[in-house]
Amino acid sequence: MAFYFAQLLTGMANASALFLVASGLSIIFGVTRVVNFSHGSLYMLGAYIAYSSMTVLPGIIGFWASILVAGLAVGLIGMIIEVCVLKPIYKAPELFQLVATFGVILVIQDMALLIWGPEDLFGQRAPGFEGVVEIFGERVPSYDLVLIVLAVVVLIGLWYLFTKTRVGILVRAATQDREMVSALGVNQSVLFSGVFFLGAFLAGIGGAAQLPKGSANLLMDFGILAPIFVVVVTGGMGSIWGAFVAAMLISVLQVYGIRFLPNSTLVLMFIVMAVVLVIRPWGLFGKPEAAGDHGSQGPPPKPFRQLDPSGRIIVAVIIAALTLVPLSGVNFLSVLFADIIIFCLFAASLHYILGVGGLVSFGHAAFYGGGAYVAALFVQYAGTPMELALMLAPLGAGFAALIIGWFCVRLTGVYFAMLTLACAQVLWSIVFQWDEVTGGDDGMLSIWPSAWASEPGVYYYLVLVLGVGGVLVLRAMAHTPFGYALRGTRDSALRTEAIGMNVKLIQWMAFVFAGAMAGLAGGLFVFAKGSVFPTEMEIATSFDALIMVFLGGVQSLTGPIAGASVFTLLQDWLSRFEYWRLLLGLLIIFIAILLPGGLAGAVDQVKALLGRAPKDEAAP
Amino acid sequence: MRLSKFLTGGLVAAVSAVWGVNAMAADTIKIGDINSYKRLPAHTIPYKKGTELAIDMINNAGGVLGKKLEIVSRDDQGKPGEAVKIAEELFTRDGVVMISGSLFSHIGLALTSYAGQKKRLYLAAEPLADALVWAKGNRYTFRLRPSTYMQAAMLAEAAAKVSTAKKWATIAPNYAYGKDAVGAFKKVLKAIRPDVEFVTEQWPGLFKIDAGAEVQAIEAAKPDAIYNVTFGGDLAKFVREGDLRGLFKGRLTLGLLTGEPEYLDPLKGDAPAGWIVTGYPWYAIKDAAHQKFVDAYQKKFSDYPRIGSIVGYNTMLSVAAALKKAGSTDTEKLVDAFEGLDVDTPMGKVHYRKIDHQSTMGAWVGKIAVKDGKGMMVDWAFKDGAKYLPSDAEVMKMRPAK
């Protein structure tokens, strides 16, 4: 019994560290509706700054002062990010801020490498709490108890702030209705900056407080991202109590999971989240999102239009130009452009569910990687020829989407996004851990094209036909009656339902279709590379696709194509430089601020400007 | 819409200009180097420095085949698909004669598959996966660093020598390297001591360890000895929690790679004294050839070498030796030259086995002690890699038929 109690304490200590960081994310989302991807980077900065500060300020006072210093410094950095990067794009389409905060992640990664060097910085033990205390005969690190107390203090502090102070009440009011609060004369801009400071402060404290249990290192930012999102979503976005309870639930289950199912470590928390979301679609303590209350503050999107005749001619010219690539005689160009076309198809398939359907998926890589694995598995175990495997890839991915989609479409908004992420992680962990069949982390090798297509130039033509064909089909599907119905569910689920359409069924079918097209892209990918690894199903791959779509512009069918092309080319080009992440990050932030409608949106802006000028002249 | 298409078209044109063919300079021999310079820089940056030092030295001595060597170095972003694309670019655009590098096993395996299919030479420098030369090996892939199996076998042998522990616990990151490392260790230890049993196996996610819970779970199984495969940030957390909770007290603990400066040095005074580990005690090796390497390295970079440094250095020495032996940059001739190649390195002679293309580069096995607030390896011995490989018959069985 004593042993289980000691385990409970371990779980609670882990939960405390997690809660500190997650509560900040939850507060920021609750008020500003910004899904702050760079929250993990703020946590990492907290650890690094505290480490540096502790080398300058030794002793007990130095230790605790350093944690505070780290919190304040990171709070300030968070505020700078809010003012410089996010403030200009609050009016952009929902979740567009993802792109900008992704840029911030890249910048902070390279900055941390520049400032603190590549090696892990091992934290010092907390003065006064170096040892263990015996509780019922079990040794428990005394610092674990400090962490638990710290988390409870922060929880009570936040509760007091939000329920008993005027500022807190204003913040809560802003969470419910930003426009009304601003109409009542509250300076929303200051409020947002303050909230960002608080959220970043908590992340900084969280990073600093975990130093005595480990190190400050460059992998912390992505490492904490998935767990804190899981905690916040399981608890209910914006709910502090929810974050606390979810952190406790997940951490304690994790501790017992390690004891009894040591292999469950990779996936346990995602399963917990998935179960919670299926039973309670808004998390443990969350409230249903009011219809239409999404992050978007801008004007409603313009409807997609068919290409005009001159547009068709230009598309034909581009496709004709693409057929010339292998004639350059440089194999690499065929390989590079094949990559780009594959990513275009992947991004376009995500755009179908995201841009046309209005459902943001964080787990689209499940179907891309899934398609790749379906093709590879058939080749390896059934000796299937490439041609057939390429047809089976979208079928297999579509089948996976059929099952996953059934669970996911009952949810909306960020909860939908996180459930797709959880499902993708479960699929990923099956591939990752089922060594005997999938090769696990060592992947599946020697999946090369049939002999006739083994030349890069020839395979390129295959990619061109299937990839461009796939993109055109996706495009056409946006203009079919089904596409119109789907757009209807995006713009007003209520009205769509009122005219007798089954919203969930339409969304489900769109999800399956998008999944199948991603699977086709994955199938093309596996034969282009000759091997496939679980990395293709990772969160990072899903995020790459999201960045491509948002960068290109959600509100245009050309967006994902432009985004995928530019993002892939930029990465290929910039990765030749040593600090390429810094450059890429700055460029992405720059594009996000200048072109909040994405690249395709920018084209519309320019056209609108050009188009309006003569009209103004004509109407004196 | 029209304008956007026009811009896209313009972009394509601009791209072709930037990514067009490079004029190939004929006065150097180019080697393509691919590694994860941003994913695990603590390991890959020393590797890069090691390659640079070797290239300087080779070129100062007149180069190879009358030409200077040149490295074209690229970051693979930690993605296997990206590495394959870069490999293609290096060969068809930059005109490299062979590629080397990679740290992560899955990226090494992706390049192995690529090399076999395209009949292009790849020297895997750092990835440890056993499959790279065995189950998935091919004619065009060679590997320098001692594999997971070899290092695990060295530790198992050392453990069997000093301890009669029967009940073992293992802890390893939950991915291919961790699983290989545990599998090989169990196999070799059981062969030496059939009476050992493994009472618990812990599999924390890579860089996601929940150290307190792992320590409690191991403690609950009451093992006599522990075999650790975690590294990096996971190792730091595991060592601290285990130390606090008294897990290592009175228990023999082994650490795979734990003695490598990349992983040992960040622990400083918390380094787990008494662990038996594989690693690289560069500060204590007194061979003249090695001392020369250390001096040159410190002079050039004002920093001390890590295991990655010497692997990078030996990689380029191997490349130069193979070019010299082949007398040509032709891939088939280079492959033939690599088979059975002997290279003089700061670690002594390294031999590339014809049977499986694994080099016999060894590793150091020793005990960790803390001196002046720093972890050091003491009582170490150099283990020749050739002695820690399975029998030829077993290797032949694992390697695919030609």
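In this predicted model, helix 18 of chain A runs over residues 456-478, and its 23 residues reach 32 Å from the first C-alpha to the last, close to the 33 Å expected at 1.5 Å a residue. A good part of this helix is shielded from the outside: A:Pro456, A:Tyr459, A:Tyr460, A:Leu462, A:Val463, A:Gly467, A:Gly470, A:Val471, A:Leu474 and A:Arg475 are buried. The cover over these buried residues of helix 18 includes helix 13 (331-356), helix 21 (503-529) and helix 23 (559-574) of chain A.

Stepping back to the whole chain, the domain assignment splits chain A into domain 1 (2-279) and domain 2 (330-607). Their C-alpha centres lie 31 Å apart, and the contact between them draws 33 residues from domain 1 and 33 residues from domain 2. On the domain 1 side, helix 4 (97-116), helix 9 (220-235) and helix 11 (268-279) of chain A each give two or more residues. Helix 4 of chain A gives the most, with eleven residues. By class, this side of domain 1 comprises 28 nonpolar, three polar and two charged residues.

Next comes the meeting of the two chains. Here the contact takes 70 residues from chain A and 70 residues from chain B. On the chain B side, at least two residues each come from helix 1 (2-18), helix 2 (41-60), helix 3 (80-94), helix 4 (105-118), strand 7 (197-202), helix 7 (211-221) and helix 8 (232-244). Helix 1 of chain B gives the most to this side, with twelve residues. The chain B residues that touch chain A divide into 32 nonpolar, 19 polar and 19 charged.

Methods. Residues are numbered from 1 along each chain as its sequence is written. Chains are lettered from A and ligands numbered from 1 in the order in which they are written. This is a predicted model: local features need pLDDT of at least 70, side-chain atom pairs count only at pLDDT 80 or more; totals for chains, interfaces and linings use all residues. Two residues are in contact if their C-beta atoms, placed from the backbone, lie within 7 Å. Helices (H or I, at least four residues) and strands (E, at least two) are DSSP runs, numbered from the N terminus. Ala, Val, Leu, Ile, Met, Phe, Trp, Tyr, Cys and Pro count as nonpolar, Asp, Glu, Lys and Arg as charged, and the others, Gly among them, as polar. The expected span of a helix is 1.5 Å times one less than its number of residues. A residue is buried if 20 or more other C-beta atoms lie within 10 Å of its own, exposed if 12 or fewer, and partly exposed in between; C-beta atoms are placed from the backbone. Domain bounds come from an automatic or database domain assignment.
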